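Reader: I am new to this structure and should like to understand the terms used to describe it. Please show it to me, and I shall ask how each term is justified.

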Amino acid sequence: MKVVLFCGGYGMRMRNGTSDDVPKPMAMVGPRPLIWHVMRYYAHYGHKEFILCLGYGAHHIKDFFLNYEETTSNDFVLRKGRTELLSTDIADWTITFAQTGIESPIGERLRRVRHHLDGDEMFLANYADVLTDAPLPEMIDNFARRDAGASMMVVPPQSSFHCVDLGEDGLVGGITAVSDMPLWENGGYFVLRQEVFDHIPENGDLVADGCAQLAKRGRLVAHQHRGFWKPTDTVKERAALDEAYARGDRPWAVWEHDNAGVHA
């Protein structure tokens, strides 16, 4: 199944005061950028055809793959000056690099790569900057059995703030952590059918337009995930993932510990 990755946004909250044009999916976690971790997750489950929706800082992503160094994340033997890889990451991946505009919203980026999907009934989509250990085969199988146009992975609220219940007299009736409320957030992992294109207008958004319209028609389903899920919207969040990687705490790396879950 093809995987569409949205990796052309500015990622302003990742700038940290710098003026470089590195897109957010190229922020490093361990020895590899975020987009590699997301792609490795999909590849582990057998989905190795990627369509990259490029925009801001596209040359960074192109250069990374055009000059990919397998020895960074694979064991190898150096014999008589020649490198012999013991394993490989991307040798069996197919990656389409598609320029989808600098200012394009997510829905428009998806519209612009529709022809690369070859009319496939179902395909996967992701923001390319969120890591998870969600069971992808289960997510796909559940959606395939449903009569729906799209599936959105949802996760509990990540905020550490508290909501305050106020009475008319200004007295506080209760305080509840946002994470304990019966709410769900968009987790950024989608399984889509071609039907979604019917509801995304020119320069529209995947969620606000496409998914919202499907929801009104009873055609959107949610896959609830309470396991590991971490966004990387800020420098702090990216640094936390990088530190976790360094100490070996990386549950999103299903390819390292989930051999039984491999799907061809």
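Reader: Why is D118 called exposed?

Author: In this predicted model, D118 has a relative accessibility of 58%. The term exposed applies over 50%, so D118 counts as exposed. The residue is found in the loop between helix 3 (106-112) and strand 8 (122-126).

Reader: What makes the phi of D118 worth mentioning?

Author: Phi of D118 is near 55°, a positive value, and D118 is not a glycine. Most residues other than glycine have a negative phi.

Reader: Which other loop residue has a positive phi without being a glycine, and is that residue buried or exposed?

Author: A128 has a positive phi of about 70°. A128 sits in the loop between strand 8 and strand 9 (130-132). Its relative accessibility is 0%; buried means under 20%, and therefore A128 counts as buried.

Reader: How do you know that L166 is exposed?

Author: The relative accessible area of L166 is 56%. Since the limit for exposed is over 50%, L166 is therefore exposed. L166 lies in strand 11.

Reader: What makes V164, L166, V172 and I175 a nonpolar patch?

Author: A patch takes residues with over 30% relative accessible area and no salt bridge, and nonpolar side chains are joined within 5 Å. V164, L166, V172 and I175 form such a patch on the surface, and their accessible area together is about 400 Å². Strand 11 (162-166) and strand 12 (172-177) are the elements that give two or more residues to this patch.

Reader: Why are strand 7 and strand 14 called edge strands?

Author: Seven strands form an open sheet with mixed pairing, in the order 7-4-1-8-13-10-14. Strand 7 (94-99) and strand 14 (220-224) each pair on one side only, and are the edge strands. Neighbouring strands of this sheet are turned by 25° against each other on average, direction ignored.

Reader: How do you know that strand 4 and strand 7 pair?

Author: Pairing requires at least two bridges between two strands. Six bridges join strand 4 (residues 49-54) to strand 7, so the two strands meet the requirement for pairing. These strands run parallel. The bridge partner of E49 is T94, in strand 7.

Reader: What makes helix 5 a helix that packs on the sheet?

Author: Contact means heavy atoms within 4.5 Å. Helix 5 (residues 206-216) touches strand 1 (2-6), strand 10 (150-155), strand 13 (185-193) and strand 14. The direction of helix 5 makes about 70° with that of strand 13.

Definitions and conventions. Residues numbered from 1 in each chain as written. Predicted model: local features only at pLDDT ≥ 70, side-chain atom pairs only at ≥ 80, totals over all residues. Heavy atoms only, no water. Patch = residues over 30% accessible without salt bridge, like charges linked within 9 Å, V, L, I, M, F, W, Y side chains within 5 Å. Areas by Shrake-Rupley, 256 points an atom, 1.4 Å probe, with all protein chains shown as cover. Salt bridge = Lys/Arg side-chain N within 4 Å of Asp/Glu carboxyl O. Helix = DSSP H or I, 4+ residues; strand = E, 2+ residues; numbered from the N terminus. Buried < 20%, exposed > 50% of the residue type's maximum accessible area, 1.4 Å probe, protein only. Axes fitted to C-alpha atoms, helices over the stretch in contact; angles between N-to-C directions.
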